[in-house]
Amino acid sequence: MADESTNDEATNPLFFRRILITIDEDDRPSTSRAFRFALTMARDYQAHLGIASVLESDDISIYESLMPTKLNEKRDHLRTIVQEYAAKAQAFGVNDVRSIIAEGGDVDDVVLQKIIPDFQPDLVVCGADVDFASHGHPGAIGLRLAKKSDVSVIVIR
């Protein structure tokens with residue numbers, strides 16, 4: 001018979017303390033549902049919330065890449081969007097919010113190689129890319145993050 005005072009991990013609650021939500025401006029419905037989930041988790045568990053978005057190289061034309069003004073406009077636009085999400089999170093009752101902007105190639109690679117190591121979440125929340133399949137096929141980024149990440153990933157449909 002097992003000792004009842006033994007701390008059984010199977011019966012202990014599981015809390016996430018650092019939650020990362022990935023924001024995809026191209027897929028607002030999916031992002032909106034994922035954001036609502038991440039907000040609820042962060043507020044209810046008093047977790048640190050990172051709100052991240054990636055300026056995708058596919059979103060930058062060759063012409064724009066040669067013009068620093070155009071590139072800065074795209075960066076500023078993305079920064080504004082992420083800051084709006086951060087303001088919504090704070091208004092919802094999440095106390096510890098960090099806005100994260102990154103640039104690079106594939107979104108999943110940037111999240112895995114830059115954002116996750118920097119922010120160090122224990123949970124990544126992302127939308128399923130179901131309403132706007134700009135990333136090859138629906139759900140591609142969430143699936144790739146779930147396959148490759150060392151931390152838990154929840155894909156919200």
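**Exercise 1. Which residue in S3 does Leu-49 stand opposite?**

Work through this one on the predicted model, starting from strand S2.

*Solution.*
- Step 1: Find S2, which covers residues 48-56, and S3, which covers residues 97-104.
- Step 2: Check how the two strands run. S2 and S3 pair in the parallel sense, over eight bridges.
- Step 3: Read across from Leu-49, and you arrive at Val-97 in S3.
- Step 4: Try the neighbour too: Gly-50 has Arg-98 of S3 as its bridge partner.
- Step 5: Now turn to strand S1 (residues 18-22), which is parallel to S2 and joined to S2 by five bridges. Here Leu-49 is the bridge partner of Ile-19.

**Exercise 2. Are the two faces of S2 covered or uncovered?**

Sort the residues of the strand by side, then look at burial.

*Solution.*
- Step 1: Recall that side chains in a regular strand alternate between the two faces of the sheet.
- Step 2: Put His-48, Gly-50, Ala-52, Val-54 and Glu-56 on one side, and Leu-49, Ile-51, Ser-53 and Leu-55 on the other.
- Step 3: Apply the cut-off for buried, which is under 20% relative accessible area.
- Step 4: Nine of the nine residues in S2 are buried, so by that cut-off both faces are covered.

**Exercise 3. What is the order of the strands in the open sheet, and which are its edge strands?**

Place S2 among its companions, then add the helices.

*Solution.*
- Step 1: Line up the five strands as S3-S2-S1-S4-S5, with parallel pairing.
- Step 2: Look for strands that pair on one side only: these are S3 and S5 (152-156), the edge strands.
- Step 3: Follow the twist, which averages 25 degrees from one strand to the next.
- Step 4: Add helix H1 (residues 28-44), which packs on the sheet and touches S1, S2, S4 (123-127) and S5. The direction of H1 makes about 150 degrees with that of S4.
- Step 5: Add H5, which touches S4 and S5 as it packs on the sheet; its direction makes about 165 degrees with that of S5.

**Exercise 4. At what angle do H4 and H5 pack, and which residues make the contact?**

*Solution.*
- Step 1: Locate H4 (residues 107-119) and H5 (residues 140-148). Their axes are 9 Å apart, at an angle of about 35 degrees.
- Step 2: Note the handedness: the crossing is right-handed.
- Step 3: List the contact residues. H4 supplies Val-107, Asp-108, Asp-109, Val-111 and Leu-112, while H5 supplies Ile-141, Arg-144, Leu-145 and Lys-148.
- Step 4: Classify them: five are nonpolar, four are charged and none is polar.

Technical notes
Residues numbered from 1 in each chain as written. Predicted model: local features only at pLDDT ≥ 70, side-chain atom pairs only at ≥ 80, totals over all residues. Heavy atoms only, no water. Buried < 20%, exposed > 50% of the residue type's maximum accessible area, 1.4 Å probe, protein only. Helix = DSSP H or I, 4+ residues; strand = E, 2+ residues; numbered from the N terminus. Pairing = 2+ DSSP bridges. Axes fitted to C-alpha atoms, helices over the stretch in contact; angles between N-to-C directions. Left-handed = near helix turned anticlockwise from the far one by under 90°. Contact = heavy atoms within 4.5 Å. Nonpolar A, V, L, I, M, F, W, Y, C, P; charged D, E, K, R; others polar.
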